[in-house]
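Hi everyone, thanks for making time for this one. I'd like to walk you through a structure; please have a look at it while I talk.

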Amino acid sequence: KKKKKKRMASICFKAIHTRPLFLFPYSTLFRTTRSNKAVSFSTLETGTKTQSKPKLNPNNIPKYNPENLPLHEYESVIGIETHVQLSTLTKAFCTCPYNYGSQPNSTICPICMGLPGALPVLNSKIIEFAVKVGLALNCKLSFSSKFDRKQYFYPDLPKGYQISQFDIPIATNGYVDLDLPVEFGGGHRRFGITRVHIEEDAGKLLHSATGTYSQVDLNRAGVPLLEIVSEPDMRSGLEAAEYASEIQRVVRFLGVSNGNMQEGSLRCDVNVSVRPIGQLEFGTKVEIKNLNAFSGVHRAIDYEISRQVKLHTQGQRDQIVQETRLWEEGAQKTVTMRKKEGLADYRYFPEPDLPEVVLTTAYVDNIKASLPELPEMKRRRYEKMGLSMQDVLFLANDINICKYFDAVIEKGADVKMAANWIMGDIAAYLKDEKLSIDDIKLKPEELAELIASIRGGIISGKIGKEILFELVSKGGTVKGLIEEKDLVQIVDPNEIERMVEKALVENPKQLEQYRGGKTKLQGFFAGQIMKASKGKANPVLLNKILLEKLNAKS
């Protein structure tokens with residue numbers, strides 16, 4: 001009887017690998033019958049060239065060092081595991097939706113709950129999103145990949161195992177390029193990506209106020225995740241925070257995740273070790289969890305580096321043990337969560353209830369052709385337009401601001417003026433009103449018209465600012481407001497000359513003082529004339545005529 005069962009299992013597993021069913025190109029939710037057929041997207045390996053990694057030299061990066069430790073004598077080595085929650089309509093292996101903030105256990109089913117006999121069915125949108133991320137991170141896609149069971153016990157893991165990918169992840173050997181902030185010295189960096197694999201999320205424990213019991217919410221169980229594992233290429237908290245920020249930008253530009261850290265849609269586990277400069281062997285690695293903001297990533301790593309260097313300098317290197325530590329935001333320090341006695345034995349084995357995933361060339365080519373312009377591409381394009389790196393980093397940070405800026409310059413607006421208006425007055429308005437750029441009523445074509453009106457001398461920059469806020473909050477057109485409020489700039493030299501002469505006649509005392517040497521009074525006269533013209537006098541023409549009249553011999 002045992003031999004018969006073993007033979008049946010062997011046949012079943014063999015069938016998964018030998019009877020592929022090709023799927024092309026997109027399916028929001030793919031369902032297979034229980035006929036042991038493979039979900040297949042055929043095979044492809046992307047032809048990304050292996051590039052040598054540049055040596056990282058984090059110059060000009062400020063480091064946390066309140067105790068004046070000899071940080072320059074040590075090198076920190078940092079790697080990050082980033083979990084990205086995918087924005088699919090349904091979970092990874094069932095038809096349940098996931099909505100952040102839903103009532104506990106309101107979006108679950110027998111599959112989410114891990115009930116006996118419930119079988120997972122792959123949501124194919126996950127494969128599409130994983131391929132997008134793999135291509136965007138310059139990875140090599142696997143010829144074929146599979147799912148595995150990762151065995152461990154935790155109260156919010158109902159099956160007692162997690163469906164993940166172990167030895168054949170969907171993407172490997174990639175990299176991401178980014179630019180460090182100008183205020184920290186700037187510079188370009190490239191960080192390696194070890195692997196990208198698919199897995200499901202666990203549920204969530206809701207702890208009681210008294211701490212005497214916990215409740216389990218399985219809404220999140222089965223939500224699809226991509227785990228992106230970096231190479232240990234980062235050397236400071238700043239670099240690590242910027243790497244995590246770039247991953248967030250990439251998944252947002254791709255539209256595969258909202259990347260909100262506050263909602264847990266993007267979570268970072270950081271591994272930190274230090275070693276004396278010149279030492280080839282890595283130091284003892286410490287993992288840091290509970291990081292829910294990029295600023296927290298920066299500060300937690302810098303604190304941990306200082307903590308480990310201090311132990312080295314005190315001769316207590318053996319006190320640095322492999323453990324998981326939590327970042328306490330209030331205390332601004334890391335604290336021990338649990339020790340790691342050795343490598344966890346997760347007893348991985350291939351998931352018998354899910355077929356292998358095979359990618360077709362046509363499928364991947366279609367996805368590649370659909371990729372949007374990614375953050376790095378935008379930064380390089382904006383740089384070629386002549387914008388400063390500070391402007392570039394601001395504009396390329398948010399996909400909605402990118403779209404708005406691009407729409408403005410497509411209408412022929414001056415690039416630098418468009419950047420200045422968006423980064424200045426519009427950004428200030430968004431911050432004050434707590435809005436996104438999609439919420440304002442100023443259309444891109446109207447901002448382009450406003451810029452053209454100022455450049456063409458129809459209105460002054462001052463009047464432009466005044467009508468901007470009305471356009472942003474109430475909408476309308478630039479031409480309509482100019483006509484309605486009679487804001488057309490006065491460019492007739494004769495009319496401006498009459499205004500200047502009137503101002504000089506009405507202020508004889510100031511005129512005498514100016515001609516006596518107090519030349520700063522030119523600003524006083526210009527102000528009087530602008531007030532009389534309600535800001536409509538052309539400032540260049542005004543100052544030219546004013547200077548001629550002020551310096552004329554009486």
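Let's start with one residue pair: glutamine 151 stands opposite tyrosine 161 in S7. Before I go on, a word on the ground rules: this is a predicted model, where local features need pLDDT of at least 70 and side-chain atom pairs count only at pLDDT 80 or more, while totals for chains, interfaces and linings use all residues. Residues are numbered from 1 along each chain as its sequence is written, and side-chain values use heavy atoms, with hydrogens and water left out.

Back to that pair. S6 and S7 run antiparallel to each other, with four bridges between them. When I say strand, I mean a DSSP run of E with at least two residues, and a helix is a run of H or I with at least four residues, both numbered from the N terminus. Two strands count as paired if DSSP finds at least two bridges between them. On that basis S6 also pairs with S17, again antiparallel, over two bridges. Arginine 149 has phenylalanine 349 in S17 as its bridge partner, and aspartate 148 stands opposite proline 350 in S17. Put together, this is an open sheet of three strands in the order S7-S6-S17. Its edge strands are S7 (161–164) and S17 (349–350), each pairing on one side only.

So where do the S6 side chains go? In a regular strand the side chains alternate between the two faces of the sheet. Here Asp148 and Lys150 point one way from S6, Arg149 and Gln151 point the other way, and all are buried. Buried means under 20% relative accessible area, exposed means over 50%, and partly exposed is in between, using a 1.4 Å probe and protein chains only.

Lysine 150 has something else for you: its charged end sits over the ring of tyrosine 346, 4.5 Å from the centre. The criterion is NZ of Lys or CZ of Arg within 6 Å of the ring centre and within 35 degrees of the ring normal. Arginine 190 does likewise over the face of tyrosine 175, at 3.9 Å from the ring centre.

That brings us to the rings. How many aromatic pairs does the structure hold? There are eight. The rings of Phe, Tyr and Trp (its six-membered ring) pair if their centres lie within 6.5 Å; planes under 30 degrees apart are stacked, over 60 edge-to-face, and the rest tilted. Take phenylalanine 93 and phenylalanine 147: their centres are 5.9 Å apart and their planes at 85°, so this pair is edge-to-face. Phenylalanine 93 is in the loop between S3 (74–85) and H2 (125–136), and phenylalanine 147 in the loop between S5 (144–145) and S6 (148–151), so the pair ties together parts 54 residues apart in sequence. Phenylalanine 93 is buried at 5% relative accessible area, and phenylalanine 147 is buried too, at 2%.

Another pair, tyrosine 303 with tryptophan 327, is tilted, at 6.3 Å centre to centre and 55° between the planes. Tyrosine 303 is in helix H4 and tryptophan 327 in strand S15 (residues 323–328), so this pair links parts 24 residues apart in sequence. Both tyrosine 303 and tryptophan 327 are buried. There is also an aromatic cluster made of Tyr152, Phe166, Tyr346 and Tyr348.

Now a geometry check on H4, residues 294–313. The expected span of a helix is 1.5 Å times one less than its number of residues. For the 20 residues of H4 that gives 28 Å, and the end C-alpha atoms are 29 Å apart, which agrees. H4 is mostly covered, with 16 of its 20 residues buried. Just after H4, glycine 315 takes a positive phi of about 75°.

Which residue other than glycine has a positive phi of about 55°? That is lysine 434, in the loop between H9 (415–433) and H10 (444–455). Lysine 434 is exposed, at 73% relative accessible area.

Finally, the whole chain: 16 helices and 18 strands, with buried residues making up 48% of its 554 residues. An open sheet of nine strands, with mixed pairing, has the order S4-S8-S9-S12-S3-S13-S14-S15-S16. Within that order, S3 and S13 (residues 266–276) pair antiparallel over 11 bridges, and isoleucine 80 has valine 270 in S13 as its bridge partner.

Thanks for listening!
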